Amino acid sequence: MDTLLLKLLLTPTLIGLASLAGRRWGPSVSGWLVALPLTSGPVTFFLALSHGTAFAAAAALGTLTGTLSQPAFCLTYGWVALRCNWLVAFLAGVLAFAACTVVLQYLTLPLPLLFLAAIVALALAFLLLPKDTATFAAKTISPPRWDLPARMVLATAFILLLTGLASTLGPRLTGLLAPFPLYVSILTIFAHRLQGAASAINVLRGLLLGLFGFASFFLLLSLLLEPAGIALAFLAAIAAALALQGISLWAMQRIMRAKEKPSVL
């Protein structure tokens, strides 16, 4: 299948399913679901097809490095959202992501240390997100008809743009930009607009739990793409990501049940 056609079919399908899951099971689940490499995974796959496994492996290493930028986005958006509207929170989050990307462009760490740094950053961000969001009452408003198509178009445009510019940007910068929280930005902004800051923060909380699987996915791709080839590398990475996603879903469900229990005086 032509790679352009694959991009046009795969990307809107993934964001559409994630959006529908959020409507069905809540914002935390939608955030957890889009922590799967729904954007950056296809980017790396298309890079492997068009530029070869060495280029894609370098991009995968860059994406693993770029995982460090996502906690910065989440923390900034989460805290700013408590006092500002979605646009201010989003712009602040993007600036935090961009600042981290600039720094990471010049930071080189051994792969084990890089993976450990990503895991620690995700755990700290999860702990530091605003916790008492219950005081920010959620508004329940039916989404407009254009909501879902708009999400799908924006996500597809990002994939086409980033893969189209890959040769110019090079594998490292392409990889660093690939984890840009596009899907979660769309979900967070719509949750913020339609249901308030509490709902937006819950999307970010779900994302951070799911990103442990994301980091493992790109760890394995950076290790296996060249020696094992595209098929085996992606199969191993997908298996690892799904296993960790299952663990993080179990952890998220325990956290949600603990919140629902009435406190005992």
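1. Contact here means heavy atoms within 4.5 Å. With that meaning, the cover over the buried residues of H5 includes helix H4 (53–66), helix H6 (86–104), H7, helix H11 (182–195) and H12. The model under discussion is predicted, and the points below should be read accordingly.

2. Overall composition. The secondary structure of the protein amounts to 13 helices and 0 strands. Read from the N terminus, the order of elements is α-α-α-α-α-α-α-α-α-α-α-α-α. Of the 265 residues in the protein, 50% are buried. Among contacts with a separation of 6 or more, 82% are between residues 24 or more positions apart. The accessible surface of the protein is about 12300 Å², and carbon and sulfur atoms hold 73% of that area.

3. Helix H5. This helix covers residues 69–81 and has 13 residues; at 1.5 Å a residue it should span 18 Å, and its end C-alpha atoms are indeed 18 Å apart, in agreement with that expectation. Its buried residues are Ser-69, Gln-70, Pro-71, Ala-72, Phe-73, Cys-74, Tyr-77, Gly-78 and Ala-81. The elements that cover these residues include H4, H6, H7, H11 and H12.

4. Ser-69. Which residues does Ser-69 touch, not counting residues up to four places away in sequence? They are Phe-97, Cys-100, Thr-101 and Leu-104. Ser-69 is a residue of helix H5. Because its relative accessibility is 0% and buried means under 20%, Ser-69 counts as buried.

5. Leu-104. This residue is placed in helix H6, and at 6% relative accessibility Leu-104 is likewise counted as buried. Leu-104 and Ser-69 are 35 residues apart along the chain, while their C-alpha atoms are separated by 8.4 Å. Once residues up to four places away in sequence are set aside, Leu-104 touches Thr-65, Gly-66, Leu-68, Ser-69, Arg-172 and Leu-176.

6. Helix H4. The 14 residues of H4 reach 19 Å from the first C-alpha to the last, which is close to the 20 Å expected at 1.5 Å a residue. H4 is mostly covered, with 10 of its 14 residues buried. The buried residues are Phe-55, Ala-56, Ala-57, Ala-59, Ala-60, Gly-62, Thr-63, Leu-64, Thr-65 and Gly-66. Two of these, Thr-65 and Gly-66, are among the residues touched by Leu-104.

7. Ala-118. Ala-118 belongs to helix H7 and is buried at 1% relative accessibility. Along the sequence Ala-118 and Thr-65 are 53 residues apart, and in space they are 7.5 Å apart from C-alpha to C-alpha. Apart from its neighbours within four places in sequence, Ala-118 is in contact with Thr-67 and Leu-68.

8. The nonpolar patch. Leu-113, Leu-116, Val-120, Leu-124, Leu-127 and Leu-128 make a nonpolar surface patch of about 560 Å². One of them, Leu-124, lies in helix H7 (residues 111–128). With a relative accessible area of 47%, Leu-124 is classed as partly exposed, in contrast to Ala-118, which is buried.

9. Aromatic pairs. The structure holds 7 aromatic pairs. In one of them, the ring centres of Phe-217 and Phe-234 are 6.1 Å apart and the planes stand at 70 degrees, so the pair is edge-to-face. Helix H12 (residues 197–228) carries Phe-217 and helix H13 (residues 230–260) carries Phe-234, so the pair ties together parts that are 17 residues apart in sequence. Phe-217 is buried at 4% relative accessibility, and Phe-234 is buried at 9%. Both residues belong to one aromatic cluster that is formed by Phe-45, Phe-46, Phe-214, Phe-217, Phe-218 and Phe-234.

10. Gly-164. Is Gly-164 buried or exposed? At 57% relative accessibility, Gly-164 counts as exposed. Gly-164 has its place in helix H8 (residues 147–164). Its C-alpha atom and that of Leu-47 are separated by 9.7 Å, although the two residues are 117 residues apart along the chain.

Notes: Residues are numbered from 1 along each chain as its sequence is written. This is a predicted model: local features need pLDDT of at least 70, side-chain atom pairs count only at pLDDT 80 or more; totals for chains, interfaces and linings use all residues. Side-chain values use heavy atoms; hydrogens and water are left out. Rings of Phe, Tyr and Trp (its six-membered ring) pair if their centres lie within 6.5 Å; planes under 30 degrees apart count as stacked, over 60 as edge-to-face and the rest as tilted. Helices (H or I, at least four residues) and strands (E, at least two) are DSSP runs, numbered from the N terminus. Buried means under 20% relative accessible area, exposed over 50%, partly exposed in between (1.4 Å probe, protein chains only). Patches are made of residues with over 30% relative accessible area and no salt bridge: like charges are joined within 9 Å, nonpolar side chains (Val, Leu, Ile, Met, Phe, Trp, Tyr) within 5 Å. Accessible areas come from the Shrake-Rupley method with a 1.4 Å probe; for residues, only the protein chains shown count as cover. A salt bridge is a side-chain nitrogen of Lys or Arg within 4 Å of a carboxyl oxygen of Asp or Glu. The expected span of a helix is 1.5 Å times one less than its number of residues.
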